[in-house]
Amino acid sequence: HRRCIDGPCGTPVYSPPELAEGNSEDIGRHTDTYLLGATLFEILSGKPPHFGNTFWDIIAKAAHGEVPELPPELPEELRAIAGKALANQPGERYQTVEEFRTALQNYLKHKESLDLADSARQQMLRCLRRSGEPSTRVYDELAEVIAGFAQARHLWAENPKAIEGEREARLTFAQTALSQGDLILARSHLLKLDASGEADAAFCA
């Protein structure tokens, strides 16, 4: 990197400001994370972060850190990862490749957790639409729903969809049990609602 002192270097469409300006004082590990972020940006959008009609037009955009916004339909967490990697100021980026990789790994865990929570919610909605079935079958399905939300929280303890979904599923279970006169079963789920913080901490330990 230290050789880049006589002017722009690297591939302009991917270059961070310090490479576009040939500023060796600002080149470091954060430069590598910018280049990885630029690759991620192209994967997500189909275009590199810097583009223009001429070479110098592209260099100017790279030097000023001009990066277009990613499509809003992409997951917010993934857009935030790319945005941090492509920050104009080196100090605002991931400082090492390991930090960037960890952020992506966490995103994948979060995505799997969100998918599990969405699946559990769909199962709960299907269960609620089927009225008049034997209570034991409803209990079994709601137990599966709760287990789905719990698994989602095992992957990502702070998953808001899983937290709210498990609360709703346990409340639905308690209400169903009450309607069937199963007071002990209803009480057990209401108690778990009250102690959900402790139960979740024990589950994720």
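These legends go with a handful of close-up views of a predicted model.

**View A. Helix 4 lies against helix 5.** Start with helix 4, residues 76–85, and helix 5, residues 97–129, whose axes are 10 Å apart. They pack at an angle of about 175°, and angles over 145 degrees count as roughly antiparallel. Helix 4 and helix 5 are therefore roughly antiparallel to each other. On the helix 4 side, look for Glu77, Leu78, Ile81 and Ala85. Helix 5 answers with Phe100, Ala103, Leu104, Asn106, Tyr107 and His110. Sort the residues of this contact by type and you get 7 nonpolar, 2 polar and 1 charged.

**View B. Helix 5 also pairs up with helix 6.** Here the axes of helix 5 and helix 6 come within 8 Å and cross at roughly 165°. That makes helix 5 roughly antiparallel to helix 6. If you're wondering about the handedness, the crossing of these two helices is left-handed. Plenty of side chains to find in this one: helix 5 brings residues including Lys109, Glu112, Leu116, Ala117, Arg121, Met124 and Cys127. Among those they meet in helix 6 are Val138, Glu141, Leu142, Val145, Phe149 and Arg153. The residues of the contact split into 11 nonpolar, 4 polar and 6 charged.

**View C. Helix 2 crosses helix 5.** Helix 2 covers residues 29–45, and its axis comes within 9 Å of the helix 5 axis. The two cross at roughly 35°. Asp32, Thr33, Leu36, Gly37 and Leu40 are the helix 2 residues to spot. They meet Val97, Phe100 and Leu104 in helix 5. By type, this contact has 5 nonpolar residues, 2 polar and 1 charged.

**View D. Here is the largest nonpolar core.** In soluble globular proteins, nonpolar side chains tend to be buried together. The largest nonpolar core in this model has 17 residues. Which of them touch the most other members? They are Ala117, Met124, Leu142, Val145, Phe149, Ala169 and Phe173. Helix 5, helix 6 (135–155) and helix 7 (160–179) are the elements that give two or more residues to this core. Helix 6 gives the most, with 7 residues. Apart from this core lies another one, of 15 residues, and among its members are Phe41, Ala82, Ala85 and Tyr94.

**View E. Leu142 and Thr172 touch each other.** Leave out neighbours within four places in sequence, and Leu142 is in contact with Met124, Cys127, Thr172, Phe173 and Thr176. Now swing over to Thr172, which is found in helix 7. Is Thr172 buried or exposed? Its relative accessibility is 13%, and buried means under 20%. So Thr172 counts as buried. With sequence neighbours within four places set aside again, Thr172 is in contact with Leu128 and Leu142.

**View F. Arg29 sits on the exposed side of things.** Arg29 lies in helix 2. At 60% relative accessibility, Arg29 counts as exposed, because the cut-off for that label is over 50%. Exposed or not, Arg29 still has partners to find: not counting residues up to four places away in sequence, Arg29 touches Gln95 and Thr96. How far apart are Arg29 and Val97 in sequence and in space? They are 68 residues apart in sequence and 7.4 Å apart in space, going from C-alpha to C-alpha.

How values were computed: Residues numbered from 1 in each chain as written. Predicted model: local features only at pLDDT ≥ 70, side-chain atom pairs only at ≥ 80, totals over all residues. Heavy atoms only, no water. Axes fitted to C-alpha atoms, helices over the stretch in contact; angles between N-to-C directions. Helix = DSSP H or I, 4+ residues; strand = E, 2+ residues; numbered from the N terminus. Parallel < 35°, antiparallel > 145°, perpendicular 65-115°, else oblique. Contact = heavy atoms within 4.5 Å. Nonpolar A, V, L, I, M, F, W, Y, C, P; charged D, E, K, R; others polar. Core = buried A, V, L, I, M, F, W, Y, C linked by side-chain atoms within 4.5 Å. Buried < 20%, exposed > 50% of the residue type's maximum accessible area, 1.4 Å probe, protein only. Left-handed = near helix turned anticlockwise from the far one by under 90°.
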